[in-house]
Amino acid sequence: MKPQHLNSHGTAMSNTLRQISGSIGTSLITTIYTNRTDPFFMNSLQAAVSNVVHHMGINDAYMWVTLFCAAGVILSLFLRALQKFKQPKPLVKEDEQGK
C-alpha cells in the first residue's frame with residue numbers, strides 16, 4: 001500500500017494523463033476524418049455529393065476509433081496486478097487490545 005501523502009500526486013497525474021490522451025484522441029480522429037474526406041471529395045464529380053463524402057470520412061474515422069478501442073480491450077485482458085492486495089497490519093497489537 002502506498003503512503004497516504006502521495007495520493008494527491010497520483011490523482012494529479014491521472015487527471016493530467018486523462019486530459020492529454022483525450023486531446024490526442026480528438027486530434028487523431030479529426031486528422032483521420034480530414035485525410036479520408038479529401039480523397040473522396042477529389043474523386044467526386046459534383047459538389048452535390050459532398051454530404052455523402054463527409055459521411056464516408058466520418059465512417060472511416062469511427063472505424064479507426066472502433067479498432068483502437070477493440071485493441072485496448074484486448075490488451076487490458078492481459079493486465080495483471082503487480083502487487084496483490086495485502087491485508088493492512090493492525091496499528092495495535094492483539095495482546096494490547098484487551099488492556
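How many aromatic pairs does a search of the whole structure find? The search finds one. This is a predicted model. Its protein chain has three helices and zero strands. Read along the sequence, the pattern is α-α-α.

**Overall fold and surface**

- The protein chain holds 99 residues, and buried residues make up 7% of them.
- Its accessible surface comes to about 9,200 Å².
- Carbon and sulfur atoms account for 65% of that surface.

**The aromatic pair**

- One aromatic pair turns up in the whole structure. Its partners are Trp64 and Phe68, with ring centres 6.1 Å apart.
- The ring planes of Trp64 and Phe68 stand at 40°, so the pair counts as tilted. Stacked would need planes under 30 degrees apart, and edge-to-face over 60.
- Both Trp64 and Phe68 sit in helix α2, which spans residues 50-76. They are four residues apart, about one turn of the helix.
- Trp64 is partly exposed, at 39% relative accessible area.
- Phe68 is also partly exposed, at 47% relative accessibility.

**The salt bridge**

- How many salt bridges does the count come to? The count is one.
- The side chains of Asp60 and Arg36 form this contact, at 2.9 Å from N to O.
- The pair links distant parts of the chain, 24 residues apart. Asp60 belongs to helix α2, while Arg36 belongs to helix α1 (residues 7-43).
- Is Asp60 buried or exposed? Asp60 counts as buried, because its relative accessibility is 15% and the cut-off for buried is under 20%.
- Arg36, the partner of Asp60, is partly exposed, with a relative accessible area of 35%.

**The nonpolar patch**

- Which residues form the nonpolar patch on the surface? They are Leu28, Met63, Trp64, Leu67 and Phe68.
- Together these residues have about 480 Å² of accessible area.
- Helix α2 gives the most to the patch, with four residues.
- Met63, one of the patch residues, lies in helix α2. Met63 is partly exposed, at 41% relative accessibility.
- Trp64 and Phe68 belong to the patch and also make up the tilted aromatic pair.

**Helix α2 in summary**

- Helix α2 carries both rings of the aromatic pair.
- Helix α2 also holds Asp60, which is joined by the salt bridge to Arg36 in helix α1.
- The same helix supplies four residues of the nonpolar patch.

Note on methods: Residues are numbered from 1 along each chain as its sequence is written. This is a predicted model: local features need pLDDT of at least 70, side-chain atom pairs count only at pLDDT 80 or more; totals for chains, interfaces and linings use all residues. Side-chain values use heavy atoms; hydrogens and water are left out. Rings of Phe, Tyr and Trp (its six-membered ring) pair if their centres lie within 6.5 Å; planes under 30 degrees apart count as stacked, over 60 as edge-to-face and the rest as tilted. Helices (H or I, at least four residues) and strands (E, at least two) are DSSP runs, numbered from the N terminus. Buried means under 20% relative accessible area, exposed over 50%, partly exposed in between (1.4 Å probe, protein chains only). A salt bridge is a side-chain nitrogen of Lys or Arg within 4 Å of a carboxyl oxygen of Asp or Glu. Patches are made of residues with over 30% relative accessible area and no salt bridge: like charges are joined within 9 Å, nonpolar side chains (Val, Leu, Ile, Met, Phe, Trp, Tyr) within 5 Å. Accessible areas come from the Shrake-Rupley method with a 1.4 Å probe; for residues, only the protein chains shown count as cover.
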